[in-house]
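Here is a quick tour of a protein model for anyone who wants to find their way around it at the bench. Have a look at the sequence and the fold, then read on.

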Amino acid sequence: MHSEPGIREQIVEIGRRLYANKFIAARDGNISARLGEFLYFTPTGMCKGFLKTEDIVKTDLGGKKVEGIRNPSSEALMHLEIYRLRPDVYAVVHAHPPHATGYAVAGMALDKALLPEVILTMGRIPLAEYSTPTTEEVARAIRDLVPYHDALLLSNHGAVAYGEDLESAYFKMETLEHFALISIVAKILGRERVLSEDAVKRLYATQGRSEYQGGTSETRTLRTSGCPIPAEALESPSEETLTLTKSELFQVIDEIVSRVRRQS
Ligand SMILES: [Zn+2]
């Protein structure tokens with residue numbers, strides 16, 4: 001897809017998938033791609049599920065429009081910041097997938113070592129601080145995270161994923177939303193069993209990767225900050241949600257009270 005017509009067609013296709021999968025509603029979300037000295041953006045104010053190739057806006061690498069009947073995405077500043085910080089990135093996808101955005105609204109990152117495939121493809125998905133959408137604030141809020149992560153949650157807003165091409169950026173968005181949904185199901189079932197440091201190391205070893213050195217989030221080096229948090233590094237590694245019925249809870253309280261009475 002390394003041609004302008006190919007890029008335009010692929011942006012239209014990714015927009016269609018984002019809308020069909022309900023990762024965006026109404027006129028939400030935006031997509032961009034880099035080709036040579038130009039960027040290609042979805043237009044502002046349109047539903048991304050029904051774009052035509054001529055709706056795509058061509059800009060220079062600074063985001064200045066060079067061709068197009070519409071204006072580029074209102075979140076162009078966020079995209080520009082990602083391209084500036086990551087020369088290896090050629091596509092950016094921003095959406096509001098509901099489960100992942102639920103995490104972003106709850107102020108929770110998707111950063112635990114829970115699923116091998118997510119660990120290998122994306123590592124940790126951190127939560128960027130809240131910033132006013134469409135402003136320069138967004139670029140500032142993601143600045144420290146972009147070099148070390150390929151997908152971010154944006155507090156009280158949504159998510160952004162990026163990669164070497166449009167397909168990989170979109171798949172990261174799909175994987176993070178799927179991961180969020182699975183994490184929520186695990187929480188509803190009562191607990192998340194986080195993988196151990198050793199399990200994560202062995203997983204990385206299957207791909208000949210040695211960057212995982214473990215440690216707590218404080219001691220972890222920047223190079224390894226993309227790794228997910230293993231069980232040992234969690235604040236309370238054995239913390240699990242325990243579900244009791246009312247009568248079971250009263251029984252426990254009764255036992256404690258009668259034990260205290262016997263001792264006094
Ligand atoms: Zn948004």
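## Two helices side by side

At what angle do helix 1 and helix 6 pack? This is a predicted model, and in it helix 1 (residues 4-20) and helix 6 (residues 166-189) pack at about 10 degrees, with 10 Å between their axes. Angles under 35 degrees count as roughly parallel, so helix 1 is roughly parallel to helix 6.

The side of helix 1 in this contact is made up of Ile7, Gln10, Ile11, Ile14, Arg17 and Leu18. Across from them, helix 6 brings Leu166, Glu167, Tyr170, Phe171 and Met173. Sorted by class, the contact has eight nonpolar residues, one polar and two charged.

## The overall picture

Now step back a bit. The protein has 264 residues, and 46% of them count as buried. Its secondary structure comes to eight helices and eight strands. The C-alpha trace spans about 85 × 40 × 30 Å along its principal axes.

How much of the contact network joins residues at least 24 apart in sequence? Taking contacts between residues at least 6 apart, the share is 64%.

## The sheet and what packs on it

The eight strands line up as an open sheet with mixed pairing, in the order 4-3-2-1-5-8-7-6. Strand 4 (65-67) and strand 6 (127-128) are the edge strands, each pairing on one side only. Helix 1 packs on this sheet, where it touches strand 1 (30-35), strand 2 (38-41), strand 3 (57-60), strand 4 and strand 5 (91-95). The direction of helix 1 makes about 160 degrees with that of strand 1. Helix 6 packs on the sheet too, touching strand 1, strand 5, strand 7 and strand 8, and its direction makes about 145 degrees with that of strand 8.

Strand 7 (residues 151-154) and strand 8 (residues 158-163) run antiparallel and are joined by four bridges. Ala151 has Ala161 of strand 8 as its bridge partner, while Leu152 is partnered with Val160. Three residues lie between the strands of this hairpin, and Asn156 takes a positive phi near 50 degrees there.

## Strands 5 and 8, well covered

Strand 5 pairs with strand 1 in the antiparallel sense over four bridges, and with strand 8, also antiparallel, over five bridges. In the pairing with strand 8, Ala91 stands opposite Gly163 and His94 has Val160 as its bridge partner. Val160 is also the bridge partner of Leu152. On the strand 1 side, Asn30 stands opposite His94.

Is strand 5 mostly covered or mostly open? Mostly covered: five of its five residues are buried. Ala91, Val93 and Ala95 lie on one side, Val92 and His94 on the other, and both faces are covered. Strand 8 is largely enclosed by the rest of the structure, because six of its six residues are buried. Gly158, Val160 and Tyr162 point one way from strand 8, and Ala159, Ala161 and Gly163 point the other.

## The zinc site

Which residues are the protein donors of the zinc ion? They are His94, His96 and His157, each through its NE2 atom, lying 2.1 Å from the zinc. Along the sequence the donor residues follow the spacing H-x1-H-x60-H.

Two of these donors can be set against each other for burial. His94 has 1% relative accessibility, so it counts as buried. His96 is at 23% and therefore counts as partly exposed; the cut-off for buried is under 20%. His94 is also the donor that we met in strand 5, with Asn30 opposite it and Val160 as its partner in strand 8.

## A buried alanine in helix 3

One last stop is Ala100, which sits in helix 3 (residues 98-106). Is Ala100 buried or exposed? Its relative accessibility is 0%, so Ala100 counts as buried.

Leaving out residues up to four places away in sequence, Ala100 touches Leu153, Leu176, Glu177 and Ala180. Ala100 and Ala25 are 75 residues apart in sequence, and their C-alpha atoms are 14 Å apart in space.

Definitions and conventions: Residues numbered from 1 in each chain as written. Predicted model: local features only at pLDDT ≥ 70, side-chain atom pairs only at ≥ 80, totals over all residues. Heavy atoms only, no water. Axes fitted to C-alpha atoms, helices over the stretch in contact; angles between N-to-C directions. Parallel < 35°, antiparallel > 145°, perpendicular 65-115°, else oblique. Contact = heavy atoms within 4.5 Å. Nonpolar A, V, L, I, M, F, W, Y, C, P; charged D, E, K, R; others polar. Pairing = 2+ DSSP bridges. Donors = N, O, S within 2.8 Å, 3.2 Å for Na, K, Ca; no water. Buried < 20%, exposed > 50% of the residue type's maximum accessible area, 1.4 Å probe, protein only.
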